[in-house]
Amino acid sequence: MSGELFDMTAIAASGVTETSPAGAAVLRREKVMGQTQAAEDAVLAPEKPGAWSASVRAAFAVRIARLNGNDELAGYYTDRITDETASPLADPANDGSAQDLAAVVAFMDKVAARTREVRAEDIDALKSAGIADADIVRLAELNAFLAYQIRLIAGLKLMQGTK
């Protein structure tokens, strides 16, 4: 599994290799890294996707990565956008209006970049836009996973002395 381990999104996006300074730490945490990849798969391509296709989820992942200044991670998720109609959602300059997703985009951006400002009214705005409770949870799960992954990548980069 160690070869596959270094192909996992978070590890690959951090630049950690088997021979890098942080490589030994990754190898000691093989189970955690495997669980991280399983969580990514579950959040980005779940068996029951609800309203959000894998392509839309990938576009939101790119958007979240870009909003957090992680272009390497954004690149990994860009390759997973297979539906041209989802591509514009990856651009933080797009407000989602053209896709009839303005409330969703506003929520995703706020959670990704201004988490402390998120209030119950933001959930109410999604409900008013017709977003089902289960799909609101799915949006929050995607954002939470990306927050974890971005921090994991930052930590791995620090361990090997890169930024």
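Ser14 is tucked away in this model: with a relative accessible area of 3%, the residue counts as buried. The model is a predicted one, and that goes for everything described here. Ser14 belongs to helix α2, which covers residues 9-14. Leaving aside residues up to four places away in sequence, Ser14 touches Ile153, Leu156, Lys157 and Gln160. Gly15 is placed in the loop between α2 and α3 (23-28). At 42% relative accessibility, Gly15 is partly exposed, whereas Ser14 is buried. The C-alpha atoms of Gly15 and Lys157 are separated by 7.3 Å, although the two residues are 142 apart along the chain. Lys157 thus turns up twice in this part of the story, once among the residues that Ser14 touches and once in the C-alpha pair with Gly15.

Another pair links Ala13 to helix α6. Asp71, a residue of α6, has its C-alpha atom 9.0 Å from that of Ala13, with their positions 58 residues apart along the chain. Asp71 itself counts as exposed, at 56% relative accessibility.

Next come the helix pairs, starting with α7 and α8. Two packed helices are described by the angle between their axes and the distance between the axes. Helix α7 takes in residues 102-113 and helix α8 residues 120-128; their axes come within 9 Å and cross at roughly 155°. With that angle, α7 is roughly antiparallel to α8. The crossing of α7 past α8 is left-handed. On the α7 side, the contact is made by Ala103, Val104, Phe107 and Lys110, and on the α8 side by Asp122, Ile123, Ala125 and Leu126. Sorted by type, the residues of this contact come out as six nonpolar, no polar and two charged.

Helix α7 also meets α9. Here the axes come within 10 Å and cross at roughly 35°, and α7 passes α9 in a right-handed crossing. The α7 residues involved are Val104, Phe107, Met108, Val111 and Ala112, and they meet Leu139, Leu142 and Asn143 of α9. Of the residues in this contact, seven are nonpolar, one is polar and none is charged. Val104 and Phe107 are worth picking out: they take part in the contact of α7 with α8 and also meet residues of α9.

Just ahead of α7, Asp100 sits in the loop between α6 (71-78) and α7. Most residues other than glycine have a negative phi, and most peptide bonds are trans. Asp100 has a phi near 60°, a positive value in a residue other than glycine. Asp100 is also exposed, at 71% relative accessibility.

Aromatic pairs are the next item, and the structure holds two of them. A pair of aromatic rings is described by the distance of the centres and the angle of the planes. In the pair of Trp52 and Phe60, the ring centres are 6.5 Å apart and the planes stand at 75°, so this pair is edge-to-face. Trp52 and Phe60 are both buried. For Phe145 and Tyr148, the centres are 6.0 Å apart and the planes are at 55°, so the pair is tilted. Both of these residues lie in helix α9 (residues 133-159), three residues apart, or about one turn of the helix. Their exposure is another matter: Phe145 counts as buried at 7% relative accessibility, while Tyr148 counts as partly exposed at 36%.

Helix α9 has two further residues to look at. One is Asp135, which is found in α9 and counts as buried, at 10% relative accessibility. Apart from residues up to four places away in sequence, Asp135 touches Pro49, Gly50, Ala51 and Trp52. Trp52 therefore links two parts of this account, since its ring pairs edge-to-face with that of Phe60 and the residue is touched by Asp135. The other is Gly155, also in α9 and partly exposed, with a relative accessible area of 26%. The C-alpha atoms of Gly155 and Ala65 are 15 Å apart, with the residues 90 apart along the chain.

Conventions:
Residues are numbered from 1 along each chain as its sequence is written. This is a predicted model: local features need pLDDT of at least 70, side-chain atom pairs count only at pLDDT 80 or more; totals for chains, interfaces and linings use all residues. Side-chain values use heavy atoms; hydrogens and water are left out. Axes are lines fitted to C-alpha atoms, for helices over the stretch in contact, and angles run from 0 to 180 degrees between N-to-C directions. Helices (H or I, at least four residues) and strands (E, at least two) are DSSP runs, numbered from the N terminus. Angles under 35 degrees count as roughly parallel, over 145 as roughly antiparallel, 65 to 115 as roughly perpendicular and the rest as oblique. A crossing is left-handed if the near helix is turned anticlockwise from the far one by less than a right angle, and right-handed if clockwise. Contact means heavy atoms within 4.5 Å. Ala, Val, Leu, Ile, Met, Phe, Trp, Tyr, Cys and Pro count as nonpolar, Asp, Glu, Lys and Arg as charged, and the others, Gly among them, as polar. Buried means under 20% relative accessible area, exposed over 50%, partly exposed in between (1.4 Å probe, protein chains only). Rings of Phe, Tyr and Trp (its six-membered ring) pair if their centres lie within 6.5 Å; planes under 30 degrees apart count as stacked, over 60 as edge-to-face and the rest as tilted.
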